[in-house]
Amino acid sequence: MRKTGDAWFNLVTFLFALSIPLLLLLLVAILIGQALPAIKIFGAGFIISSSWDPVKETFGALPYIYGTLVSSLIALAIAVPLGLGAALYLAEVSRSRYKEYLAVMIELLAAIPSIIYGLWGIFVLGPLFGLSMLSGGVILAIMILPTISAISREVFRSVPNILKESALALGATRWETVKLAVFGPARSGILGAIILGLGRALGETMAVTMVIGNRPEISASIFAPAYTLASVIANEFAEASSDVYLSALVELGIILLLITMIVNGLARLLIWKTVGKSNIF
Amino acid sequence: MENGRQKQYFLRKIKNRIFLLAVFSCALIAVLPLLFVLGHVLVKGLGAINLDFFLHLPTPVGEAGGGMGNAIIGTLILIMLACSIGLPIGILGGIWLAQFGEGKRGFLIRYSADVLAGIPTIVIGMFAYALIVIRMGRFSALAGGFALGLIMIPTIVRTTEEMIKMVPRSLYEAGLALGIPGWKVTLRVIFRTAWSGIFTGIMLAVARIAGETAPLIFTAFNTPYWSFQLDQPMASMTVTIYNYAISPFDDWHAKAWAGSLVLIFAVLGITLLVRKFSKQVQYG
Amino acid sequence: MIKKIAALIIGLGLISTTALALTLNGAGATFPFPIYSKWISEYHKAAGTQVNYQSIGSGGGVRQFIAGTVDFGASDAPMTEEEMKRAGGEVLHIPTVMGAVAISYNLPGVVELKLDADTLADIFLGKIKKWNDGAIAELNPGVNLPGKNILVAHRSDGSGTTHIFSSYMAKISSAWASQVGAGKALSWPAGVGGKGNEGVTGVIRVNQGAIGYIELSYAMTNKLPVVALKNRAGKFVKPSIASTSAAAAGALKKMPKDFRADITNAGGSDSYPISGFTWLLVHKEQKDAVKGKALVDFLKWSLSDGQKYAEALLYSPLPENLQAKVMDTIKSISY
């Protein structure tokens with residue numbers, strides 16, 4: 001009797017879990033269907049070409065791929081240390097009565113529509129860093145901070161107290177407690193938080209497009225304008241008229257999907273190499 | 001010898017100080033830009049908020065007394081629709097991943113969720129458009145809710161899984177030892193213990209979809225009238241805010257800022273209410 | 001909790017089967033959204049019909065019109081023959097109001113700036129890089145031009161505004177026509193892209209030395225200086241509501257029967273050269289008699305009573321003799 005209950009529970013939850021890859025598969029199938037004309041015309045050259053000319057209908061994705069990767073990297077470089085630090089402060093260090101409010105406030109910032117971030121960014125980041133890759137990275141960092149800090153704060157908090165208390169009882173300082181007793185059990189959760197943040201950074205459109213300058217050019221300087229995959233899709237999708245143009249935009253969506261898959265895979269591999277397999281896969 | 005030990009102790013203390021200072025600065029620096037954005041919205045939006053804003057329909061530029069009543073209701077309906085898709089898949093899927101998701105199947109599902117998280121929301125909107133709008137032949141709240149529901153899934157799956165994993169295994173075993181079936185232990189004990197964290201994930205996801213514009217434009221569309229029919233276009237705050245924000249007129253800009261402010265406080269309200277409610281359920 | 005939500009959803013679903021008020025759904029161009037929402041509001045008060053217009057972009061409007069998800073479309077660029085074929089039946093273009101694309105700039109101390117077609121093209125092609133370039137100085141004697149770099153600001157999103165601007169540029173510059181061409185989205189030889197008029201306006205406002213093209217209303221409400229452009233008659237004209245209507249009047253003689261007219265670089269001494277119509281797209285044969293009649297009534301009202309609201313919202317109304325012609329076309333719609 002007990003066994004059947006558990007088996008049913010396993011089956012039902014599994015079906016719900018299974019619907020996620022199935023939905024993704026359906027989405028990819030529909031995208032590929034729509035991107036087929038562009039894939040047929042441009043082939044593999046699409047990925048290495050730098051020309052994007054809707055009038056002459058020649059399309060290439062390289063500058064967008066570059067812009068997407070670099071802007072997300074900048075965003076992570078800023079938001080991960082800040083987000084984890086803030087989460088540690090809220091979960092492990094602060095004894096203030098008001099920290100709950102602070103935490104809720106950070107969560108709420110996920111609710112600000114991205115157009116509002118964008119309009120704010122033009123007038124604050126624009127004069128500071130110009131319309132550039134850096135501005136794009138910074139606005140992304142601000143937008144993914146709530147995700148990273150809120151989730152990792154919950155992860156830190158749910159590390160069993162007994163672990164933290166044992167470390168403290170042995171005379172460990174706060175830092176040593178965090179290093180020894182908190183980071184270990186929390187690392188899978190931290191990775192999850194970072195990947196969710198990265199996902200948002202890769203796919204964000206409206207705010208980043210307001211400040212990044214939207215120039216499809218590969219420049220070594222992070223103070224030069226750039227462009228991202230998600231931005232160009234959002235910018236041109238609504239007005240694209242010809243079928244080839246439209247399918248080239250959808251193909252950008254597929255490339256973004258591939259990038260997400262590769263980046264996620266690499267992140268897993270990296271963690272697996274450094275800290276071992278358990279809890280990651 | 002004694003001296004060396006003291007030195008080591010001193011070093012440890014210094015390291016600890018640096019750590020405390022560093023995380024404090026992080027919290028400060030993290031909150032500052034967020035405060036800036038919030039302050040900006042507050043200053044620009046507060047003036048345009050009054051009772052009419054909540055009760056009335058949008059008005060054209062330059063006409064006093066207009067509001068976003070229909071969009072506020074519409075956004076709430078869209079969030080509920082999204083939750084009816086995102087919560088069951090996200091929570092039950094997360095539970096499965098935490099408890100049974102060790103092997104290849106778990107990897108596949110976890111990986112799919114992470115990939116889903118990186119898809120631009122406008123692409124998810126395109127998907128819902130192709131799947132639902134084209135088939136129905138018209139824009140509808142259902143299509144919008146479906147798109148938003150998909151966007152919620154990765155956050156909820158991930159947080160549910162991680163939070164359940166953080167519950168000590170001994171708790172589960174203690175439940176089993178008492179002769180309670182595993183699935184009951186999971187739902188009654190493990191899930192409740194992990195609830196606070198899962199809840200944070202849900203609120204993050206709700207906040208996120210409440211602020212989404214791009215996936216709604218080609219699905220739920222929008223309307224300047226009251227709308228309750230799920231198979232018809234549905235008003236939403238973000239699309240209304242977006243239309244106002246990109247117009248040339250100050251009057252509408254003020255309403256866009258006010259709308260953002262209301263949106264933030266609406267999510268705050270939901271958060272506090274549900275948190276209180278869920279605590280009562282948990283302990284009452 | 002989940003049960004309650006499910007019950008609620010079923011409940012809401014039941015409401016949806018109840019009778020609906022008559023609603024016309026339309027979608028398309030962003031540019032006329034403020035005036036259309038004014039019309040919709042006034043018309044609702046006058047006639048009781050609900051019209052729902054959403055600004056999803058001109059291309060989106062055309063696509064939804066073809067897909068049949070809306071009752072009417074709207075666009076700042078006319079539909080192509082091929083698009084009209086895909087839409088099925090006869091498609092009518094109803095011009096409603098007009099707008100101008102202003103060239104705005106940010107140069108403290110420079111209140112008046114004159115440019116001709118060649119200089120404008122060279123600036124946007126990236127050939128003229130400094131504000132004190134000889135070509136600009138020659139057109140502006142007595143103006144103290146700084147040696148600043150020029151920052152060209154353009155739209156990053158596909159837009160009807162870009163379409164009007166680039167149509168004009170392609171007409172007046174052969175280099176532009178061959179190198180860039182005309183369209184809603186372009187491969188830009190120079191500058192940075194801002195999202196929407198609001199984005200480009202922001203870029204101009206925060207960057208000294210910037211120049212960009214925006215809809216006239218954004219230049220006016222943001223109090224940005226605008227360039228006086230040399231028109232075909234050789235006169236320097238600033239964009240205004242009057243100089244835009246003048247361009248339509250100048251183009252009236254050559255107006256094609258289906259109103260799909262490009263009026264950039266129009267004749268007439270008072271015409272501003274970068275002006276254009278915005279159109280509503282409707283099927284000539286309406287399938288649903290009730291909706292068809294409601295649509296025709298709304299169009300008639302827009303072209304008559306509606307026109308008086310245009311100027312307050314910074315649009316140019318159609319010249320009167322054009323209004324009469326459009327009215328005849330509206331009357332030809334069958335339902």
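**Exercise 1. Work out what share of the contacts in chain A with a separation of 6 or more comes from residues 24 or more positions apart, and set it beside the burial of the chain.**

Keep in mind that you are working with a predicted model.

Step 1. Take the contacts in chain A with a separation of 6 or more; residues 24 or more positions apart account for 75% of them.

Step 2. Turn to burial: of the 281 residues in chain A, 56% are buried.

Step 3. Add the dimensions. The C-alpha trace of chain A spans about 70 × 60 × 35 Å along its principal axes.

Step 4. Finish with the elements. Chain A holds 11 helices and two strands, in the order α-α-β-β-α-α-α-α-α-α-α-α-α from the N terminus on.

**Exercise 2. Find which elements of domain 1 of chain A touch domain 2 of chain A.**

Step 1. Set the bounds: the domain assignment gives domain 1 (2-48) and domain 2 (62-277) in chain A. Their C-alpha centres lie 24 Å apart.

Step 2. Count the contact residues: 13 come from domain 1 of chain A and 11 from domain 2 of chain A.

Step 3. On the domain 1 side, the elements giving two or more residues are H1 and helix H2 (45-48) of chain A. H1(A) has the largest share, with 10 residues.

Step 4. Sort this side by class, and you get 12 nonpolar residues, one polar and no charged.

**Exercise 3. Describe how helix H5 of chain A packs against helix H9 of chain C.**

Step 1. Two packed helices are described by the angle between their axes and the distance between the axes.

Step 2. For H5 (residues 114-129) of chain A and H9 (residues 196-206) of chain C, the axes come within 10 Å and cross at roughly 40 degrees. H5(A) is therefore oblique to H9(C).

Step 3. The crossing of H5(A) past H9(C) is right-handed.

Step 4. Now name the residues: H5(A) contributes A:Ile122, A:Phe123, A:Gly126 and A:Pro127, while H9(C) brings C:Gly199, C:Gly202 and C:Val206. By class, this contact has four nonpolar, three polar and no charged residues.

**Exercise 4. Characterise the side of chain A that touches chain B.**

Step 1. The contact takes 79 residues from chain A and 82 residues from chain B.

Step 2. Among the helices of chain A that each supply at least two residues are helix H1 (2-42), helix H3 (62-93) and helix H11 (243-275). The largest share, 18 residues, belongs to H1(A).

Step 3. Split by class, the residues on this side of chain A are 54 nonpolar, 20 polar and five charged.

Notes
Residues are numbered from 1 along each chain as its sequence is written. Chains are lettered from A and ligands numbered from 1 in the order in which they are written. This is a predicted model: local features need pLDDT of at least 70, side-chain atom pairs count only at pLDDT 80 or more; totals for chains, interfaces and linings use all residues. Helices (H or I, at least four residues) and strands (E, at least two) are DSSP runs, numbered from the N terminus. A residue is buried if 20 or more other C-beta atoms lie within 10 Å of its own, exposed if 12 or fewer, and partly exposed in between; C-beta atoms are placed from the backbone. Two residues are in contact if their C-beta atoms, placed from the backbone, lie within 7 Å. Axes are lines fitted to C-alpha atoms, for helices over the stretch in contact, and angles run from 0 to 180 degrees between N-to-C directions. Angles under 35 degrees count as roughly parallel, over 145 as roughly antiparallel, 65 to 115 as roughly perpendicular and the rest as oblique. A crossing is left-handed if the near helix is turned anticlockwise from the far one by less than a right angle, and right-handed if clockwise. Ala, Val, Leu, Ile, Met, Phe, Trp, Tyr, Cys and Pro count as nonpolar, Asp, Glu, Lys and Arg as charged, and the others, Gly among them, as polar. Domain bounds come from an automatic or database domain assignment.
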